[in-house]
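Me: I would like a close look at a single part of this structure, taken slowly enough for a first-year student to follow. Please work through that part and what surrounds it in one connected answer.

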Amino acid sequence: MDHTERPVNFTCHWVAIGNGRLTLWHRPGARAVAAMKLFGCDCVLTLQAAREHADLIGQWVAEAGIEWLWLPLENGKPPQAEAAASILAALHRLSQMLDDGRSILIHCWPGFHRTRMVAYALL
């Protein structure tokens with residue numbers, strides 16, 4: 001079954017970080033992305049690689065009127081070189097967004113390795 005065919009069952013548990021909020025999730029389907037705005041999500045950070053169709057998530061997020069950030073990570077292994085530099089730059093931006101009171105949802109495909117690694121680094 002495709003993610004877009006599942007019934008909308010979007011629930012998230014926001015954690016207050018500074019002036020903002022953060023939640024961690026798995027790869028959302030189109031209907032879940034549409035529901036995110038109702039839960040106060042105003043930014044989605046996708047950690048999926050291009051081969052995982054991250055662009056499709058970006059399209060759904062844009063259609064929902066939510067800001068989309070893409071930090072393509074191939075896997076959950078500690079990033080090296082260019083990937084590490086990209087994460088450091090993103091962490092600064094994400095931290096500023098939280099300070100500004102934004103609500104950020106971070107996800108990869110299953111929501112485990114990459115998602116938790118970036119969230120841990122952000123915290």
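**Strand E3 and its surroundings**

Reply: In this predicted model, the largest nonpolar core has 19 residues, and those with the most contacts inside it are Leu-45, Leu-47, Leu-71, Leu-94, Ile-104, Ile-106 and Leu-122. The elements that give two or more residues to this core are E3, helix H3 (81-99), E5 and helix H4 (113-122), and H3 supplies the largest share, six residues. Another core, of 14 residues, lies apart from this one and includes Trp-14, Ile-57, Trp-60 and Leu-105. In soluble globular proteins, nonpolar side chains tend to be buried together.

Strand E3 covers residues 43-46, with Cys-43 and Leu-45 pointing one way and Val-44 and Thr-46 pointing the other way, and all of them are buried. In a regular strand the side chains alternate between the two faces of the sheet.

E3 is paired with two strands. With strand E4 (residues 67-70) it runs parallel, joined by four bridges, and in that pairing Leu-45 stands opposite Leu-69. With strand E5 (residues 103-107) the pairing is again in the parallel sense, over four bridges, and here the bridge partner of Leu-45 is Ile-106. The path from E3 to E4 involves helix H2 (residues 54-63), and E3, H2 and E4 make a right-handed β-α-β unit.

Leu-71, which is among the core residues with the most contacts, is in contact with Leu-45, Thr-46, Leu-47, Ser-86, Ile-87 and Ala-90, leaving aside its neighbours within four places in sequence.

The surroundings of E3 also hold polar side chains. His-107 is found in strand E5, and it counts as buried because its relative accessibility is 0%, where the cut-off for buried is under 20%. The side chains of His-107 and Thr-46 are joined by a polar contact of 2.8 Å. Not counting residues up to four places away in sequence, His-107 touches a list of residues that includes Val-44, Leu-45, Thr-46, Leu-47, Gln-48 and Ile-57.

Gln-48 lies in the loop between E3 and H2 and is likewise buried, with a relative accessible area of 0%. A polar contact of 3.4 Å joins the side chains of Gln-48 and His-107, and, leaving aside neighbours within four places in sequence, the residues in contact with Gln-48 include Arg-27, Ala-54, Trp-70, Pro-72, Cys-108 and Arg-114. His-107 therefore has side-chain polar contacts both with Thr-46 and with Gln-48.

Terms used: Residues numbered from 1 in each chain as written. Predicted model: local features only at pLDDT ≥ 70, side-chain atom pairs only at ≥ 80, totals over all residues. Heavy atoms only, no water. Buried < 20%, exposed > 50% of the residue type's maximum accessible area, 1.4 Å probe, protein only. Pairing = 2+ DSSP bridges. Right-handed = clockwise from strand over helix to strand, strands pointing away. Core = buried A, V, L, I, M, F, W, Y, C linked by side-chain atoms within 4.5 Å. Contact = heavy atoms within 4.5 Å. Polar contact = N/O pair within 3.5 Å; in protein donor to acceptor, adjacent residues only side chain to side chain.
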